[in-house]
Amino acid sequence: MNSDAIALDDHSHAPSGVMRWLTSTNHKDIGTLYLCFSLLMFFFAGALAMLIRAELFQPGLQLFQPAVFNQLTTMHGLIMIFGAIMPSLVGFANWQVPLMIGASDMAFPRLNNWSFWLLPAAGILLISTFFVPGGALAGGWTMYPPLFIQGGIAYDIAILAVHILGVSSIMGAINIIVTILNMRAPGMTLMKMPMFVWTWLITAFLLVAVMPVLACAITMLLADRNFGTHFFDAAGGGDPVMFQHLFWFFGHPEVYIMILPAFGIVSTIIPTFARKPLFGYVSMVYAVASIAFLSFIVWAHHMFTTGMPLGGQLFFMYTTMLIAIPTGIKVFNWVATLWRGSISFETPMLFALAFVFLFTIGGFSGLVLSLVPVDIQLQDTYYVVAHFHYVLFSGSAMAIMGGVYYWLPKWTGHLYDERLGKIHFWLTAVAFNITFFPMHFLGLAGMPRRIPDYALQFADFNRIASLGAFLLGASQLLWLYIVIKCVRGGAPAGNQPWDGADTLEWTQTSPPPYHSFVIPPLVK
Amino acid sequence: MQAPAEYAAHADVYYVPPPSIWPIVGSVALLTLAAGFVMVLHQMAAGPLLMALGAAILLVMLCGWFGAVIRESLSGKYDAQVDASFRWGMVWFIFSEVMFFAGFFGALFYARNVALSMLADAQLLWPGFTAAWPTAGPGMKTAITPVEAWGIPAFNTLVLLSSGATLTWAHRGLQRGRPLQLKLGLALTIALGVLFIGLQIHEYGAAAFTIRDGIYGATFYLLTGFHGFHVLLGTVMLSVVLMRSLAGHFTPARHFAFVAVAWYWHFVDVIWLLLFIFVYCL
Ligand code: HEM
Ligand SMILES: [Cu+2]
């Protein structure tokens, strides 16, 4: 079947100019929008991180008052999570899921467009809080009351922004689930789906299940702030800890929402460059499913210091430790895929290998934190910051970078600059570790997170971390340059630049025609 | 399958709609609505105006978008696969709504069974406070007289349950090609929905406590309020379905709009049963 011939005349109903992007019903255009938006947010939130590290470069208050510093950390967290990582993963889903299952588009193309265009609306609201009286949000991305109830107008704006983000996520997730369930090419049974598609199916399920609970929690915050309710106020019989339960019932699955698609990307890259099929495909599927299941019953490991009954602490400690099992299965399978493969080290592969290595470190520090007596010492220290940056930066973000290098040739039709890509990788991997590894020591020594000043004894490691962070930030400008260069031109990629790849998108031209797989291919 | 012409003639290709203005209009609407709402909350003069503008844009968007879907449906663009997409989509949407209410019910259980007893155990701040439901909390000292379950709420339960029955009766009529039964059933269902909302408003007016009266008032009004809002939405959707029935849009074989709204209505019914048990009776 030759689908490029089919698509030739089909650009007729694609408007050009700005309307193409505003009104698009095309999964590739919308995927591009998601990816560009998340790149923008990545740099914005990254700039905030640079400011944070500049303040922490040495003890004492240098650049910012504490209130401003709190705004920086809060907005950095919120925007990275909701503006950078999640939208970029949805961008991958938009581009890749229809291509990988042999569908013509997403199941609900118009809804797809709306899911995207709600993001800038929420982004405008969030960023506008920097300019309102009282300043931006400063209560932490976790939005805990009572602090969150005492803040100014920025807090109401942020609640509505998060509501809009939630609507976008839920609609996007429903779209992805329905696309996967209903639009697969004939012959592609569930257990023949590429791993990336599986991870997104389960991620989308998590999104539909937990975003509404976040909506509940922040609705109650809004009511406590404005309508005189007492959900989180003990004087009225409520309980601020109740917010934490609701928030983390969303929040823990949320961290898996950010890592499962990254697992999918890595599970796609490693077999390609090891030139071997993914080891233990079926166990991979079950591992992802059990991680998703477990993620619903571990949430209170974020709350070990809130005065939970002993039974609760034990329950959440053991369930949290259980997660290490399916996670371990995944790491084992990635390594086993490499075993006796004929491996080559192109940039995507470098990112994927670094992911396996560094994510595992993050998993281990998570395991350390799951131990109640240890966590009681480490809660709200830099150890936690080190943990979640190992899983979120060297985990999600570096998998995303690897995925971008892997699919850029398909998306643009050009090869990226391999030499620069490798330089970007090494800069990123090294700078990342310089930045975040010392934070383990800082945390173990007792340095609290979310403060602009610290005791002298922490000065050395903080200086190292700040220097690493500036290098890490600067390296990402190189990434931006490589991506822009690749979009604008480069050696033609051909249909299949990676000889080890075997998913359906590589049967299409690069870039694929406006409508790919108008007539579904037959999968054997 | 090489030539473009052949593709155009290919009838069972999944329908991908042309570019559409409505999603971006919807985003502008929500942004305006949210900005207006924040301004209302902070007593700024432009707030109500902005909110009204946002709501108006949203209304235009909904009419435009659903209008487009209805036109596409009537002109036969949706094959069985598209139909299956709509079914799955509705199922997962209702699942997300289930989780939304699950969060509020979870808050109710937590407040009643966990937080309250912990407050009573910790005698430090409020000595002598005992955990008894309903309560306005230890710092408020207001006694709460809850709404009597076996008055209006019980009657409302009957109203919603019968509305479920009339809706099923209407569906029967649609499937068996009896348009009169369809329209009558729908009209009855809508009437029962309106009756329910009316009684609920009356009950709010007569209740001896407000949303400010501690955790009981807060959970009561939030749960019943969101449920009531869903009944309102359902009633509006039923009215649209009734109008479409009058216009003859549905056939015994193809009428997913009806089915989707019916699923939604039954879901709202079930939520009410849970509310009746856990908010009013227990
Ligand atoms: C083996 C798997 C994991 C275990 C056992 C684990 C365990 C934990 C524990 C116990 C905490 C609470 C620390 C505290 O606040 O005292 C925590 C925090 C955190 N984890 Fe993990 N984790 C794991 C994987 C992940 C993954 C995959 C992600 C994200 C991709 C992640 C993201 C986070 C974040 C963001 C926080 C901090 C939230 C905050 O307080 O701001 N974790 N983890
Ligand atoms: Cu967690």
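The following questions and answers go through the metal sites, one histidine and the chain A to chain B interface of a predicted model.

Student: Which protein atom is the donor to the iron atom of ligand 1, and in which helix is its residue found?

Tutor: The iron atom of ligand 1 has a single donor from the protein, the NE2 atom of A:His387, 2.1 Å away. Residues 382–412 of chain A form the helix that holds this histidine. The donor is therefore within the 2.8 Å cut-off. The atom is NE2 of A:His387, and the helix is H14.

Student: Which residues come nearest to ligand 1, and which of its polar contacts involves A:Asp375?

Tutor: There are 22 residues around ligand 1, and A:Trp141, A:Asp375, A:Gln379, A:His387 and A:Arg449 come nearest. The side chain of A:Arg449 has an N or O atom 2.9 Å from an oxygen atom of the ligand. For A:Asp375, a polar side-chain atom lies by an oxygen atom of ligand 1, at 2.4 Å.

Student: Which helix gives the most residues to the shell around ligand 1?

Tutor: H9, H12 (347–370) and H14 of chain A each supply at least two residues of that shell. By class, the shell has 12 nonpolar, 8 polar and 2 charged residues. With 6 residues, the helix that gives the most is H12(A).

Student: What are the protein donors of the copper ion (ligand 2), and what spacing do they follow along the chain?

Tutor: Three histidines of chain A serve as donors, at 1.9 to 2.1 Å from the copper ion: A:His252 through ND1, and A:His301 and A:His302 through NE2. A:His252 is in helix H9, whereas A:His301 is in the loop between helix H10 (281–294) and helix H11 (310–338), so this pair, 49 residues apart, links distant parts of the chain. The spacing is H-x48-H-H.

Student: How far apart are the copper ion (ligand 2) and the iron atom of ligand 1?

Tutor: On the iron side, the protein donor is A:His387. On the copper side, the donors are A:His252, A:His301 and A:His302. The separation between the two metals is 4.6 Å.

Student: Where does A:His414 lie, and which backbone oxygen lies 2.8 Å from a polar atom of its side chain?

Tutor: A:His414 is in the loop between H14 and helix H15 (418–444) of chain A. Leaving aside neighbours within four places in sequence, its contacts include A:Leu408, A:Pro409, A:Val487 and A:Arg488. The backbone oxygen at 2.8 Å belongs to A:Cys486.

Student: How many residues of chain A are in contact with chain B, and which three supply 12% of the area that chain A buries there?

Tutor: On the chain A side 68 residues are in contact with 66 residues of chain B. About 5,900 Å² is buried between the chains, 76% of it on carbon and sulfur atoms. The three residues that supply 12% of the area buried by chain A, more than any other three, are A:Arg110, A:Trp114 and A:Asn182.

Student: Which residues form the salt bridge between chain A and chain B?

Tutor: The count between the two chains is 1 salt bridge, alongside 15 residue pairs in polar contact across the interface. By class, the side of chain A that touches chain B has 45 nonpolar, 17 polar and 6 charged residues. With the closest N and O atoms 2.8 Å apart, the partners are B:Glu72 and A:Arg110.

Terms used. Residues are numbered from 1 along each chain as its sequence is written. Chains are lettered from A and ligands numbered from 1 in the order in which they are written. This is a predicted model: local features need pLDDT of at least 70, side-chain atom pairs count only at pLDDT 80 or more; totals for chains, interfaces and linings use all residues. Side-chain values use heavy atoms; hydrogens and water are left out. Contact means heavy atoms within 4.5 Å. Buried area is the accessible area (1.4 Å probe) that two parts lose on being put together, summed over both. A salt bridge is a side-chain nitrogen of Lys or Arg within 4 Å of a carboxyl oxygen of Asp or Glu. A polar contact is a pair of N or O atoms within 3.5 Å; within protein, one must be able to donate a hydrogen and the other to accept it, and residues adjacent in sequence count only if both atoms are side-chain atoms. Ala, Val, Leu, Ile, Met, Phe, Trp, Tyr, Cys and Pro count as nonpolar, Asp, Glu, Lys and Arg as charged, and the others, Gly among them, as polar. Donors are N, O and S atoms within 2.8 Å of the metal (3.2 Å for Na, K and Ca); water is not among the atoms, so sites may look incomplete. Helices (H or I, at least four residues) and strands (E, at least two) are DSSP runs, numbered from the N terminus. A residue is near a molecule or strand if one of its heavy atoms lies within 4 Å of it.
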